[in-house]
Amino acid sequence: MAYICTRCKHSVEIDYEVMGIRCQYCGHRILIKERPTLIKKVEAV
Ligand SMILES: [Zn+2]
């Protein structure tokens, strides 16, 4: 499962059971789920 490190913004593949949640690049522990959080502009009609 892919996460984004909130600090360095790298995309990190996390395997919880193996290593827990941690950025492989900077060691930061706050990651968010990688989801294209595109700002959709939805016109409410
Ligand atoms: Zn990081």
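Where in the chain is confidence lowest, and where is it highest? I began here, since this is a predicted model, and I found that the mean falls to its lowest value, 72, in helix α1 (residues 16-19), whereas the highest mean, 91, belongs to β3. For the chain as a whole I noted a mean pLDDT of 83, with 89% of the residues reaching 70 or more.

**Entry: the elements**

I then looked up the elements, and I wrote down 1 helix and 3 strands for the chain. Reading from the N terminus, I found them in the order β-β-α-β, so that the helix comes after β2 and before β3 by the definition that numbers elements from the N terminus.

**Entry: the sheet**

How are the 3 strands ordered in the sheet? I found an open sheet with the order β2-β1-β3, in which the pairing is antiparallel. The edge strands are β2 (11-13) and β3 (31-33), and each of them pairs on one side only. From one strand to the next, I noted a twist that averages 40 degrees. As a reminder to myself, strands of a sheet pair through backbone hydrogen bonds, and the pairing may be parallel or antiparallel.

I next followed each pairing of β1. With β2, strand β1 pairs in the antiparallel sense over 3 bridges, and here isoleucine 4 stands opposite serine 11 of β2. Strand β1, which covers residues 2-5, is also paired with β3, again in the antiparallel sense and over 3 bridges; in this pairing tyrosine 3 has lysine 33 of β3 as its bridge partner.

**Entry: lysine 9**

Which residue takes a positive phi in the hairpin of β1 and β2? The hairpin has 5 residues between its strands, and lysine 9 is the one I noted with a positive phi near 65 degrees. I recorded this with care, as lysine 9 has that positive phi although it is not a glycine. Its place is in the loop between β1 and β2. I also asked myself why lysine 9 counts as exposed: lysine 9 has 11 C-beta neighbours inside 10 Å, and a residue is called exposed if the count is 12 or fewer.

**Entry: lysine 33**

Is lysine 33, in strand β3, buried or exposed? I found that lysine 33 is exposed, because 10 other C-beta atoms lie within 10 Å. I also looked up its separation from methionine 1: these two residues are 32 residues apart along the chain, and their C-alpha atoms are separated by 8.1 Å.

**Entry: the chain as a whole**

Lastly I looked up two totals. Buried residues make up 9% of the 45 residues in the chain. Among the contacts with a separation of 6 or more, 28% are between residues 24 or more positions apart.

Terms used. Residues are numbered from 1 along each chain as its sequence is written. This is a predicted model: local features need pLDDT of at least 70, side-chain atom pairs count only at pLDDT 80 or more; totals for chains, interfaces and linings use all residues. Helices (H or I, at least four residues) and strands (E, at least two) are DSSP runs, numbered from the N terminus. A residue is buried if 20 or more other C-beta atoms lie within 10 Å of its own, exposed if 12 or fewer, and partly exposed in between; C-beta atoms are placed from the backbone. Two residues are in contact if their C-beta atoms, placed from the backbone, lie within 7 Å. Two strands pair if DSSP finds at least two bridges between them. Axes are lines fitted to C-alpha atoms, for helices over the stretch in contact, and angles run from 0 to 180 degrees between N-to-C directions. pLDDT is the predictor's confidence in each residue, from 0 to 100.
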